[in-house]
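Student: Could you take a close look at the interior of this one for me? I'd like to know what packs against what in there, and how the rest of the chain fits around it.

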Amino acid sequence: MGPEKEDAMAVLQQELTLGEAADQLARALPGHRVEILQGRLTATPPPDGSHALSLTKLGRAFDRAGLVEAGCEYVQGVGLWLPTLPADFAIPDLSVVDEDFRDAHVTKNHYAPNVFRMVVEITSSDWSDDLGPKVECYAQAGIPAYLIVDRKHDEVLLYTAPADGKYPDPQRFKRGQDVTVPESVGVRAEIPADTLLDG
C-alpha cells in the first residue's frame with residue numbers, strides 16, 4: 001500500500017462516530033434538537049410559540065390531574081435512549097416519566113425507556129419523523145403511550161399498548177373532541193384537541 005492510501009486510511013479511521021457527529025451538530029446549531037433515529041442524524045429547529053404553549057397547557061392539565069401525586073413527573077428536553085441501534089436516541093417534546101427516572105440514566109442526557117410512561121411530540125416543519133420513524137422507535141422501545149399533535153394534518157394521534165415492537169393503529173382525535181390521557185400514565189385527564197393543536 002502506497003503512502004497516499006495509508007494517508008486516506010488514517011483519515012477514514014478518524015471519521016466521527018455518529019454520537020460525536022451529533023454532539024458537534026448540537027454545538028453548531030444552538031437551540032436545535034439533535035437526535036439519532038434508526039441510525040440517521042436529525043436536527044429540528046427551535047419550536048414556535050404555539051408549539052411551546054401547547055406543551056405548557058398539557059403540563060397544566062397534568063398538574064390538575066395530580067400527576068406528581070401519582071408518582072410521575074413531566075419533563076421537556078430529556079433524552080430517551082432507544083434500543084433500535086447502538087447510537088439511537090430521541091428527545092421528545094414532553095415526556096411523562098416515573099418520579100425516580102434519574103436512577104435509569106444510561107448515557108449523556110439519555111434515560112432508559114422503562115421509566116417513560118408517555119412521550120409527546122408536536123409536529124414542526126419536519127413532521128414526517130414524528131409520524132414515521134418515531135412511531136417505530138417508540139414502539140420498539142416499549143413506550144406505553146405516544147401522543148402526536150399533528151399540526152400538519154390538523155389532528156391528534158394517540159398510540160398505545162405496543163406489542164412485539166409495534167403499536168396498533170392509533171386513536172385519532174379531530175377538532176371539537178377531547179383527548180383522553182391513557183390509563184398507563186396513571187392519571188385521568190382530558191384535554192381538548194383544539195388546545196393541543198393551537199396552543
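Tutor: Let's start with the stretch from 28 to 185, where the chain is 20% helix and 34% strand, with its end C-alpha atoms 36 Å apart. That range comes from UniProt, where an unreviewed entry marks residues 28-185 as "domain: Putative restriction endonuclease". Keep in mind that what you're looking at is a predicted model. Over the whole protein chain there are six helices and 14 strands, and the C-alpha trace spans about 70 × 35 × 30 Å along its principal axes. Of the 199 residues, 43% count as buried. Among contacts between residues at least 6 apart in sequence, 53% join residues at least 24 apart.

Now for the inside. As a rule, nonpolar side chains in soluble globular proteins tend to be buried together. Here the largest nonpolar core has 26 residues, and Phe62 and Leu147 are the ones that touch the most other members. Two or more core residues come from each of helix H3 (49-65), strand E6 (94-98), strand E9 (116-122), strand E10 (145-150), strand E11 (155-160) and helix H6 (193-198). H3 is the biggest giver, with four residues. A second, separate core of 25 residues includes Val75, Val78, Val119 and Val135.

Zoom in on Phe62. Setting aside neighbours within four places in sequence, Phe62 is in contact with Leu67, Tyr74, Leu94, Val96, Met118, Val181, Val185 and Val187. Phe62 also turns up in the lining of the largest cavity, alongside Leu58, Met118, Leu147, Val179, Thr180, Val181, Pro182, Ile191 and Leu196. H3 and strand E13 (178-180) are the elements that give two or more residues to that lining. Nine of the lining residues are nonpolar, one is polar and none is charged. The cavity holds about 30 Å³ of space, and the count of cavities of 30 Å³ or more comes to one.

Stay on H3 but move to Ser54, which sits in that helix. Ser54 counts as buried because its relative accessibility is 1%, against a cut-off of under 20%. Beyond its sequence neighbours, Ser54 contacts Ile122 as well as Thr195, Leu196, Leu197, Asp198 and Gly199.

Follow that contact to Leu197, found in helix H6. Leu197 has 5% relative accessibility, so it counts as buried too. Apart from neighbours within four places, its contacts are Ser54, Val149, Asp150, Arg151, Asp154, Glu155, Val156 and Arg175. For a sense of scale, Leu197 and Val34 are 163 residues apart in sequence and 23 Å apart in space, C-alpha to C-alpha.

H3 matters for the largest pocket as well: three lining residues, the largest share, come from this helix. That pocket has about 180 Å³ of space. It is lined by 16 residues, and those closest to its centre are Arg33, Pro45, Pro47, His51 and Asp93. The lining divides into seven nonpolar, seven polar and two charged residues.

Another helix worth a look is H5 (residues 133-140), which is mostly covered, with six of its eight residues buried. Those six are Pro133, Lys134, Val135, Cys137, Tyr138 and Ala139. Val135 is also one of the members of the second core. After H5 comes Gly142, with a positive phi near 75 degrees.

Finally, a couple of backbone oddities in the loops. Most residues other than glycine have a negative phi. Lys108 goes the other way, with a positive phi of about 45 degrees. It lies in the loop between strand E7 (105-107) and strand E8 (110-111), and it is partly exposed, at 48% relative accessible area. Asp164 has a positive phi too, near 55 degrees. You'll find Asp164 in the loop between E11 and strand E12 (171-173). With a relative accessible area of 81%, Asp164 is exposed.

Terms used:
Residues are numbered from 1 along each chain as its sequence is written. This is a predicted model: local features need pLDDT of at least 70, side-chain atom pairs count only at pLDDT 80 or more; totals for chains, interfaces and linings use all residues. Side-chain values use heavy atoms; hydrogens and water are left out. A nonpolar core is a set of buried Ala, Val, Leu, Ile, Met, Phe, Trp, Tyr and Cys residues joined through side-chain atoms within 4.5 Å. Buried means under 20% relative accessible area, exposed over 50%, partly exposed in between (1.4 Å probe, protein chains only). Contact means heavy atoms within 4.5 Å. UniProt positions are given in the numbering used here, feature names are shortened, and annotations may be inferred rather than shown by experiment. On a 1 Å grid over the protein atoms alone, a cavity is a set of points where a 1.4 Å probe fits but cannot get out, and a pocket is an open set with protein on both sides within 12 Å along at least five of seven lines; lining residues have an atom within 4 Å of a point. Grid points are joined across faces, edges and corners, and a volume is the space filled by probe spheres set on the points. Ala, Val, Leu, Ile, Met, Phe, Trp, Tyr, Cys and Pro count as nonpolar, Asp, Glu, Lys and Arg as charged, and the others, Gly among them, as polar.
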